[in-house]
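Thanks for making time for this. I'll go through one model, strand by strand and then helix by helix, so please have the sequence and the structure open.

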Amino acid sequence: MVISIAFSTNTHFLSSTICRSISSLSPSLNVLFNARRDCNRGFLSIGPFDTKLPTTKAALSEISYRKQYPKVGAKSIGPIPPAHLIQVVENAAKTGAEVVMDAVNKPRNVEYKGLTDLVTETDKMSEAAILEVVKKNFKDHLILGEEGGVIGDSSSDYLWCIDPLDGTTNFAHGYPSFAVSVGVLYRGNPAAAAVVEFVGGPMCWNTRIFTATAGGGAFCNGQKINVSQTSQVERSLLVTGFGYEHDDPWTTNMDLFKEFTDVSRGVRRLGAAAVDMSHVALGIVEAYWEYRLKPWDMAAGVLIVEEAGGAVTRMDGGKFSVFDRSVLVSNGVVHDKLLEKIGPATEKLKSKGIEFSLWYKPENYQTDL
């Protein structure tokens with residue numbers, strides 16, 4: 001098995017440390033952050049993963065006959081050149097990540113949005129830093145931030161979905177995984193994405209960055225990545241998540257957790273949706289699903305998975321939108337097999353009157369959905 005390990009020999013983390021620990025997709029940012037040279041010291045090379053099928057021929061055979069699911073990525077990213085758009089997305093995510101890195105080994109100032117739903121001062125500071133980058137480059141774009149809500153021009157074709165600190169509870173405890181996630185939609189469909197994942201742990205924090213543009217592929221630290229080729233649930237490592245409301249969907253997913261734990265190599269619950277989806281794209285897990293996520297949780301991750309060759313649907317198997325209330329992402333090969341259990345469980349919830357219509361779309365924001 002190929003394992004990507006991130007580590008650092010440095011014990012001091014200045015604000016510039018993160019720039020040296022994450023690689024860039026574009027040459028101009030590579031020069032700006034001096035990333036590739038220093039990143040190679042802290043990360044093993046990441047390439048396509050073929051970790052579980054015995055032969056290349058078998059893997060290719062599986063790919064040839066995999067079911068095709070509707071694409072979620074934007075067919076066009078509009079008038080902004082792709083290279084410029086992804087450069088700003090990356091820069092925004094890295095800027096937020098600098099704020100998080102500066103705070104990661106310091107005491108936390110924790111507040112509560114609910115009984116167990118945390119928010120820290122770092123969430124707010126990271127979002128403010130990200131907003132500054134977006135506004136500086138695109139004054140007329142609409143923005144949806146987890147902490148700040150909707151700001152900007154609702155007539156814009158572009159909507160930025162920002163999670164300044166995905167996995168706040170993990171961050172508050174110094175427990176990986178958590179990330180900064182920035183995704184931008186064009187007329188409702190993901191166009192560009194960046195997720196900066198924090199890896200390691202106390203006294204050895206480091207980062208890696210996942211990026212994607214619609215039609216342009218997915219990358220980790222500037223190297224192209226692909227989903228795994230595993231074709232059997234029995235040989236799959238799976239990931240799920242649980243929200244803060246302990247209601248029928250929570251109970252249903254507990255049952256799914258048990259069922260898949262019984263038949264797979266295991267089911268993990270890491271606590272950061274953007275990281276979970278990035279791990280599917282990297283090929284180290286085969287699938288991830290969760291009920292009741294928000295646009296800022298999903299906008300970046302779903303595009304990264306799709307551009308790495310994976311599949312994205314709702315948990316009932318329907319065509320996915322970033323404004324939906326459930327998501328299933330996978331390597332594409334095991335997608336149908338997972339839906340055999342996940343789909344009926346979700347339909348049963350719908351028959352009980354559980355709401356699964358679009359969760360939220362900013363008023364007057366026009367989409368092609």
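I'll start with one pair: A179 has E197 in β7 as its bridge partner. That pair belongs to β6 and β7, which are antiparallel and share nine bridges. Helices and strands here are DSSP runs, H or I of at least four residues for a helix and E of at least two for a strand, numbered from the N terminus. Two strands count as paired if DSSP finds at least two bridges between them.

Before going on, the conditions. This is a predicted model, in which local features need pLDDT of at least 70 and side-chain atom pairs count only at pLDDT 80 or more, while totals for chains, interfaces and linings use all residues. Residues are numbered from 1 along each chain as its sequence is written, and side-chain values use heavy atoms, with hydrogens and water left out.

Back to β6 and β7. They make a hairpin with two residues between the strands, and R187 in the turn has a positive phi of about 50°. On its other pairing, β6 is antiparallel to β5 over seven bridges, and I162 has V182 in β6 as bridge partner.

How much of β6 is buried? Nine of its nine residues are, where buried means under 20% relative accessible area, exposed means over 50%, and partly exposed is in between, with a 1.4 Å probe and protein chains only. The cover is on both faces: F178, V180, V182, V184 and Y186 are buried on one side, and A179, S181, G183 and L185 on the other.

Now the sheet that holds these strands. It is open, has eight strands with mixed pairing, and reads β4-β3-β5-β6-β7-β8-β9-β10. The edges are β4, residues 149–151, and β10, residues 223–224; each has a single partner strand, so one side of each lacks a neighbour in the sheet. A parallel pair is β3, residues 142–145, with β5, residues 158–166, joined by four bridges. Within that pair, L142 is matched with L159 in β5.

Toward the β10 end, β8 and β9 pair antiparallel over four bridges, with A212 opposite A218 in β9. Their hairpin has three residues between the strands, and G215 takes a positive phi near 80°. Next, β9 and β10 run antiparallel with two bridges, and F219 has K224 in β10 as its bridge partner. This hairpin has two residues between the strands, with N221 in the turn at a positive phi of about 55°. As for β9, residues 217–220, both faces are covered: G217 and F219 are buried on one side, A218 and C220 on the other.

On to the helices. α5 lies across β5, β6, β7 and β8, at about 30° to β7. Angles run from 0 to 180 degrees between N-to-C directions, and axes are lines fitted to C-alpha atoms, for helices over the stretch in contact.

What is the geometry between α5 and α6? The axes of α5, residues 82–103, and α6, residues 121–137, come within 8 Å and cross at roughly 155°. That makes the two helices roughly antiparallel, a label for angles over 145 degrees; under 35 is roughly parallel, 65 to 115 roughly perpendicular, and the rest oblique. In α5, the residues that meet α6 include H84, V88, N91 and A92; on the α6 side they include T122, M125, S126 and A129. Contact means heavy atoms within 4.5 Å.

Last, a second open sheet, with five strands in the order β12-β11-β13-β15-β14 and mixed pairing. Its edge strands are β12, residues 266–268, and β14, residues 311–313, each paired on one side only. The twist averages 15° from one strand to the next. β11, residues 237–240, runs parallel to β13 over three bridges, and L238 stands opposite A287 in β13. Helix α8, residues 248–263, packs on this sheet, touching β11, β12 and β13, with its direction at about 160° to that of β13. Helix α9, residues 273–282, also packs there, touching β11, β13 and β15, at about 155° to β13.

Is A287 buried or exposed? A287 is buried, with a relative accessible area of 0%. Leaving out residues up to four places away in sequence, A287 touches L237, L238, V239, V280, V329, S330 and L338.
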